[in-house]
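Reader: I'd like to go through this one with you and ask how each label was earned. Could you show me the entry?

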Amino acid sequence: PLAGAAALKAGADLALFNGDYESALKEYQAALDQHPDPGAQAAALLGVGRTYLAQRAYPQAVQALEQVTNEFSETPQVIPAYFFLGRAHEALEEFPQAAEAYQSYLQQRPGLAEAYIHDLQGGALFSAGDYSAAAEAFRLALASPSTLDRIYIQLKMARSIALAGDPGSALALYDDANQRTSDDYTRALINLRKGQIYQGLGQSDQAIEMFRFTVENYPRA
C-alpha cells in the first residue's frame, strides 16, 4: 500500500538526515519496490539521488535524478531533482549540464530561491567559460530579492563582464562596489581585479599603481 511506501520513505529520509546512507538507500529502494504510484516512485528516486550526492557518488546521483526528471516530470519532485542534479553535475565539473539543470529548475518554479539559483547558474556558466551568460545570470541574481551578499555577486558579475571583453563596464561595476563597501578585503580584491584589467589593456603604469596602492593601504588583506 501507498501508506507503507510513505512510511519506508520517512524512515529513509531520517536515515539520510542522520548520515546512515546505507540504510537510507535500502529503505528508498524498498519504497520503490513497494508501490508503482508515480509520486511515490519519484520521491524514492529523489531520495536515492540525494543519498548518492551526500556520499559523493556523483555519477550514480546523476543517474537517479535524471530518472526523476525524465520519467516523472509531472510530479512535484522534479523541481528539487533539477536542483540536486545541478549540484551533482557541478561536482563532476560538468558545468554546462549544471547550468542547464538550474535553468530547468527556474522554468519549473520561478520565484522560488530565484536569486540563489541564478547565482549557482552564474558560477557554473563562468566555470564553463561562457562569461557573457554568466554575467547575465549574476545580473538576474542581483535583480531578485535575497539575503545573498550583493556586493560579492556584483564582483562576480564584473569579472564575468571583463572576461567577456567589456573592461569599461567591469571597471564601472568595480568602482561602484568599492564605494559601497568598507571591508578592506573586498576593496583589495576589487583593486586586484582592476589592476588585472589594466594589465590586459596594456596600461602597465596604472596596473602597477593599483597594485602598489593596495599593498600600502590594505597590507593585511
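Author: Here is a predicted model, and the labels are taken up one by one below.

Reader: What makes the protein chain more spread out than a compact globule?

Author: The radius of gyration is 22 Å, while the globule rule gives 17 Å for 221 residues, so the protein chain comes out more spread out than a compact globule. The box around its C-alpha atoms is roughly 75 × 30 × 30 Å along the principal axes.

Reader: And which elements make up the protein chain, helices or strands?

Author: The protein chain has twelve helices and zero strands.

Reader: Why is arginine 56 called exposed?

Author: The cut-off for exposed is over 50% relative accessible area. Arginine 56 has 65%, so arginine 56 counts as exposed. You'll find it in the loop between helix 3 (38-54) and helix 4 (58-71). Its phi is near 65°, a positive value in a residue other than glycine.

Reader: How do you know that glutamate 93 counts as exposed?

Author: Same test: exposed means over 50%, and glutamate 93 has 62% relative accessibility, so the label holds. Glutamate 93 sits in the loop between helix 5 (78-91) and helix 6 (95-108). Phi is positive for glutamate 93 too, near 60°.

Reader: What share of the protein chain counts as buried?

Author: Buried takes under 20% relative accessible area, and 42% of the 221 residues count as buried. As for the surface, the protein chain exposes about 11,600 Å², with carbon and sulfur atoms supplying 50% of it.

Conventions
Residues are numbered from 1 along each chain as its sequence is written. This is a predicted model: local features need pLDDT of at least 70, side-chain atom pairs count only at pLDDT 80 or more; totals for chains, interfaces and linings use all residues. Side-chain values use heavy atoms; hydrogens and water are left out. Helices (H or I, at least four residues) and strands (E, at least two) are DSSP runs, numbered from the N terminus. The radius of gyration is taken over C-alpha atoms; the globule rule is 2.2 Å times the number of residues to the power 0.38. Buried means under 20% relative accessible area, exposed over 50%, partly exposed in between (1.4 Å probe, protein chains only). Accessible areas come from the Shrake-Rupley method with a 1.4 Å probe; for residues, only the protein chains shown count as cover.
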